[in-house]
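Reader: I would like to practise reading a structural model with you. Could we go through it feature by feature?

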Amino acid sequence: MSSSLDQIKTDTALGNRILANEGVLDAFGHVSMRHPTNPNRYFLSRSRAPELVEPGDILEYDLDSNPVKKTDQRLYAERVIHGEIYKARPDVMAVVHHHAPAVMPFCISGVELQPVMHLGAVIGHKVPMWDQYDEFGDTNLLLVKPEEGASLARALGQAPLVLMKGHGATVVGGTIQELMFRAIYSCRNAEYQFAAQMLGKVVPLRPGEVEKSSQINAMPTATFRTWEYWSVRLEKSGGGLPRSGKKPVGTRAQRASVARTTSKKTKTKGRKR
Ligand code: MN
């Protein structure tokens, strides 16, 4: 595997861990990245809590969200969110789907999320809200069918994020760094809007202010400075990638050893999770 794909897998794992460390992801939610040279492929972890994801967990998918190589790993049920957005948005190179506490009150109440501070301008002028019920009636609210993912992608349109009624949000970025910036500051913006509402009238940014702030926020000086900051915070929290960095050296051997032991004891195949 080329070093650039190793880097993508490392960045995908880091992106998951950073957003978990910043309170955007918990046991659920997932970060993906598009393949750097084949736009018809993307990378996403096997089904695992984001803060535990390692580069070795990252699988390659086609845009119909089927794994490129046959696997017996458990997969995320909602991976069609990623595949269908990559189909609809050629500019998007990274996606996160989350249920962050910061945005949930807006997803529940239907109160409009508005850009209320300069960094929050990343949410754009108007944040679309998607309600699965509108097209699909009563569901368990998971997006598992390609048509559900495609419907969400239509609601997203050209926006940086879409809220999902009674569910969460999905955010997109042109780079993994931009995705982190948008995901984290859209949550901060939601917290500030909620808090400001407690104090009195919410006064959103003016359209011209959103425009100009967005230009500054998208500059590499902002996105790389924050990526470094959030990466160091992750390290300090002890939640960084395993020491080997790219591959869980030793861990795989330990896993195999555990699987062999389990297999002997239970007389079942050491089933991968
Ligand atoms: Mn979900």
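Author: Gladly! Let us begin in a loop: Leu141 sits between helix 4 (132–136) and helix 5 (146–156). Keep in mind that this is a predicted model.

Reader: What is the phi of Leu141, and is the residue buried or exposed?

Author: Leu141 has a positive phi of about 70°, although it is not a glycine. As for its surroundings, count the C-beta atoms: Leu141 has 15 others within 10 Å, and is therefore partly exposed, since the partly exposed class lies between 12 or fewer for exposed and 20 or more for buried.

Reader: Where is Ser65, and what is its phi?

Author: Ser65 is found in the loop between strand 3 (58–62) and helix 2 (80–88). Its phi is near 65°, again a positive value in a residue other than glycine. The count for Ser65 is 23 other C-beta atoms within 10 Å, so this residue is buried.

Reader: Which glycine takes a positive phi just after helix 1?

Author: That is Gly23, with a phi of about 80°.

Reader: While we are at helix 1, how do I check its length against its span?

Author: Use a rise of 1.5 Å a residue. Helix 1 covers residues 3–21, which is 19 residues, so it should span 27 Å. The C-alpha atoms at its ends are 26 Å apart, in agreement with that expectation.

Reader: Now the packing of helices, please. What describes a pair of them?

Author: Two packed helices are described by the angle between their axes and the distance between the axes. Take helix 1 and helix 6 here: they pack at an angle of about 10°, with axes 11 Å apart. Angles under 35 degrees count as roughly parallel, so helix 1 is roughly parallel to helix 6.

Reader: Which residues make the contact between helix 1 and helix 6?

Author: Helix 1 brings Asp11, Gly15, Ile18 and Leu19, while helix 6 brings Ile176, Leu179, Met180 and Ala183. By class, the residues of this contact divide into six nonpolar, one polar and one charged.

Reader: At what angle does helix 1 pack against helix 8?

Author: The angle is about 75°, and the axes are 9 Å apart. That makes helix 1 roughly perpendicular to helix 8. On the helix 1 side you will find Leu14, Arg17, Ile18 and Asn21, which meet Trp230, Ser231, Arg233, Leu234 and Ser237 of helix 8. This contact of helix 1 with helix 8 has four nonpolar, three polar and two charged residues.

Reader: How do the axes of helix 6 and helix 8 cross?

Author: They come within 9 Å and cross at roughly 80°, helix 8 being residues 220–237. Helix 6 and helix 8 are therefore roughly perpendicular to each other. Here Gln177, Glu178, Met180 and Phe181 of helix 6 meet Ala222, Thr223, Phe224, Thr226, Trp227 and Trp230 of helix 8. The classes in the contact of helix 6 with helix 8 are six nonpolar, three polar and one charged.

Reader: Which residues touch the most other members of the largest nonpolar core?

Author: Leu19, Val103, Leu163, Met180 and Ala183 do, out of 63 residues in that core. Helix 6 (residues 176–199) gives the core its largest share, nine residues. Look at Ala183 in particular: leaving aside neighbours within four places in sequence, it is in contact with Leu19, Val24, Val96, His98 and Val171.

Reader: Could you show me a strand residue too? Is Val31 buried or exposed?

Author: Val31, in strand 1 (residues 30–34), has 33 other C-beta atoms within 10 Å and is therefore buried. Not counting residues up to four places away in sequence, Val31 touches Thr12, Gly15, Asn16, Leu19, Pro50, Ala94 and Val96. Val31 and Thr170 are 139 residues apart in sequence, yet their C-alpha atoms are 9.8 Å apart in space.

Reader: What share of the contacts in the protein joins residues 24 or more positions apart?

Author: Among contacts with a separation of 6 or more, such pairs account for 69%. To finish the overview, the protein has nine helices and seven strands, and buried residues make up 38% of its 273 residues.

How values were computed. Residues are numbered from 1 along each chain as its sequence is written. This is a predicted model: local features need pLDDT of at least 70, side-chain atom pairs count only at pLDDT 80 or more; totals for chains, interfaces and linings use all residues. Helices (H or I, at least four residues) and strands (E, at least two) are DSSP runs, numbered from the N terminus. Two residues are in contact if their C-beta atoms, placed from the backbone, lie within 7 Å. A nonpolar core is a set of buried Ala, Val, Leu, Ile, Met, Phe, Trp, Tyr and Cys residues joined through C-beta atoms within 7 Å. The expected span of a helix is 1.5 Å times one less than its number of residues. Axes are lines fitted to C-alpha atoms, for helices over the stretch in contact, and angles run from 0 to 180 degrees between N-to-C directions. Angles under 35 degrees count as roughly parallel, over 145 as roughly antiparallel, 65 to 115 as roughly perpendicular and the rest as oblique. Ala, Val, Leu, Ile, Met, Phe, Trp, Tyr, Cys and Pro count as nonpolar, Asp, Glu, Lys and Arg as charged, and the others, Gly among them, as polar.
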